[in-house]
Amino acid sequence: MTKVLVIGGGIAGYCAALAARRDGAEVTVVARGPGATALYAGGMEVVDDLDAILAHQRPHPITRLGLDSVRLATELDTAIHTLQLALEKDGLKFEGTWRARGLYADIHGLARPANLVPATVSGGELRALLGRRVAVVGVKEVGDYDAGSTAQALKELHGIDAVPEEVSIPDLPIAASLTDLYGRRAPQLSHHRATAIAFPPGFTNLPQGGFELLSAPPSPHGWRLQQAIALGTQKADVTSFESARGRITSAKAGDRTIRADVFILATGRHIGGGLVGGHMTSEPLLQLGVFHEGQAVTRMGTRLQHLQYLDPAEELRSGVSTDDHLHPLDGEGQVPYQNLYAAGAVLGGYDYSGPCGFGVPILTGWLAGRFAAKLQ
């Protein structure tokens, strides 16, 4: 049985572990702590236009796989179905598909697109709320959320018949915030004529017709997701690797040596620690090549600094590059380790806060796990 070590506890590492186990591998997942996955707002954007991504000339992680749209669609279908089943088993039910995108309101009443959302959010799809009366729940003791403003935004921006409904939770701490609602039972509304009820995120036991709004970090949606995917993950801070003859033999975490046949790097980007910023972005564990628009950052001189000066988001487009089997490349564009794979936000060439923000980690994590189990 192939032994696979996944380094990283985010959604990419979770999907890699699911795929590798599904294909018969013995999998260990280690993570030093939560990464960017724990910060998501409640809606997963997967892919908006797969054909457009494949037609684009930029070195996107999906195009580097060298797969046609039919194969990619099949893998996405299987990966997301498996992901939803696993998350539901771990206590968090998701609804939706990568093939359709909904619009969901956040705590300010603004619309956010998403393909996959928690079941507690799905009832708030904005187009499905048209023609219905929506009660927007506010909590008197909470100072950083105004249900009246949210209801007004829903009405003015989306044409939804929304009205604020304020409740009181006296045992909240002084100067309570939205985060203090996490884990509490949803309050009962004494008098309302609404057919749908919008709650700020964090409550449990929502009533019939109730749904949660999307949030911003720190997000109860992110906390729940991180708790679900962290089940079975071992806490360990991998600091180095040992290798011989073009293959990694073990990972070092403190005084612990973890041996495996195959290794998957799903360490995230700057928040997760998979990349280190500064004058020149680098990959800290194996000194893998970091690329920007297909060029090694070490060869770009001052051009990259100029680009980052004009647009700081340019740095977030840099990352590790891979071959068509997700083997990461060194600075010369070669594969240094035949038993190493990379997946998720550590990869460059896409905006992880954009329309493929979860699509790249889900798909590349899934395929890295499959490749690793078969040593492809």
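This section describes the strand pairing, aromatic contacts and internal spaces of a predicted model.

Five strands of the predicted model form an open sheet, in the order β11-β2-β1-β15-β19, and the pairing in this sheet is parallel. Its edges are occupied by β11 (234-235) and β19, each of which pairs on one side only. At the β19 edge, three bridges join β15 to β19, and these two strands run parallel. Within this pairing, Ile-264 stands opposite Tyr-341 in β19. In a regular strand, the side chains alternate between the two faces of the sheet.

A hairpin is formed by β4 and β5, with five residues between the two strands. Strand β4 covers residues 102-105 and strand β5 covers residues 111-114; the two run antiparallel and are joined by four bridges. Tyr-104 has Arg-112 as its bridge partner in β5. In the turn of the hairpin, Gly-109 has a positive phi of about 85°. Both strands of the hairpin also contribute to internal spaces of the model: β5 supplies at least two residues of the lining of the largest pocket, and β4 supplies at least two residues of the lining of the largest cavity.

A further strand, β18 (residues 319-320), contains Gly-319. Gly-319 counts as buried, because its relative accessibility is 0%. The C-alpha atom of Gly-319 is separated by 6.8 Å from that of His-292, although the two residues are 27 residues apart along the chain.

Aromatic contacts were examined next. A pair of aromatic rings is described by the distance of the centres and the angle of the planes. The model contains four aromatic pairs. In one of them, the ring centres of Tyr-40 and Phe-358 are 5.5 Å apart and the ring planes lie at 70°, so the pair is classed as edge-to-face, for which the angle must be over 60 degrees. Tyr-40 is located in the loop between β2 and α2 (50-55), whereas Phe-358 is located in the loop between β19 (340-342) and α9 (359-374); the pair therefore ties together parts that are 318 residues apart in sequence. Tyr-40 counts as buried, with a relative accessibility of 6%, and Phe-358 is likewise buried, at a relative accessible area of 11%.

Another of the aromatic pairs, that of Phe-241 and Phe-263, is also edge-to-face, with 6.1 Å from centre to centre and 90° between the planes. Because Phe-241 lies in strand β12 (residues 240-244) and Phe-263 in strand β15 (residues 262-265), this pair ties together parts that are 22 residues apart in sequence. Phe-241 is buried, with a relative accessible area of 14%. Phe-263 counts as buried at 0% relative accessibility. Strand β15, which holds Phe-263, is a member of the five-stranded parallel sheet. In addition to the ring pairs, a charged side chain is placed against an aromatic ring: Arg-269 lies over the face of Tyr-350, at 5.0 Å from the ring centre.

The open and enclosed spaces of the model were then considered. Rolling a probe the size of a water molecule over the atoms shows where empty space is left. The largest pocket has a volume of about 960 Å³. It is lined by 48 residues, and those closest to its centre are Gly-35, Ala-36, Thr-37, Ala-345 and Tyr-352. At least two lining residues come from each of α1 (11-22), β2 (26-31) and β5, and α1 gives the most, with three residues. The lining comprises 24 nonpolar, 18 polar and six charged residues.

The second largest pocket holds about 370 Å³ of space. Of its 16 lining residues, Arg-58, His-60, Gly-349, Tyr-350 and Asp-351 lie nearest the centre. The residues of this lining divide into six nonpolar, four polar and six charged. Tyr-350, one of the residues nearest the centre of this pocket, is also the residue whose ring face lies under Arg-269.

The model contains one cavity of 30 Å³ or more, and the volume of the largest cavity is about 30 Å³. The cavity is lined by Tyr-104, Ala-105, Val-121, Gly-124, Phe-211, Glu-212, Leu-213 and Leu-214. Strands β4 and β10 (210-212) each supply at least two of these lining residues. By class, the lining consists of six nonpolar residues, one polar residue and one charged residue. Tyr-104 thus appears both in the lining of the cavity and as the bridge partner of Arg-112 in the hairpin.

Note on methods
Residues are numbered from 1 along each chain as its sequence is written. This is a predicted model: local features need pLDDT of at least 70, side-chain atom pairs count only at pLDDT 80 or more; totals for chains, interfaces and linings use all residues. Side-chain values use heavy atoms; hydrogens and water are left out. Two strands pair if DSSP finds at least two bridges between them. On a 1 Å grid over the protein atoms alone, a cavity is a set of points where a 1.4 Å probe fits but cannot get out, and a pocket is an open set with protein on both sides within 12 Å along at least five of seven lines; lining residues have an atom within 4 Å of a point. Grid points are joined across faces, edges and corners, and a volume is the space filled by probe spheres set on the points. Ala, Val, Leu, Ile, Met, Phe, Trp, Tyr, Cys and Pro count as nonpolar, Asp, Glu, Lys and Arg as charged, and the others, Gly among them, as polar. Rings of Phe, Tyr and Trp (its six-membered ring) pair if their centres lie within 6.5 Å; planes under 30 degrees apart count as stacked, over 60 as edge-to-face and the rest as tilted. Buried means under 20% relative accessible area, exposed over 50%, partly exposed in between (1.4 Å probe, protein chains only). A charge sits over a ring if NZ of Lys or CZ of Arg is within 6 Å of the ring centre and within 35 degrees of the ring normal.
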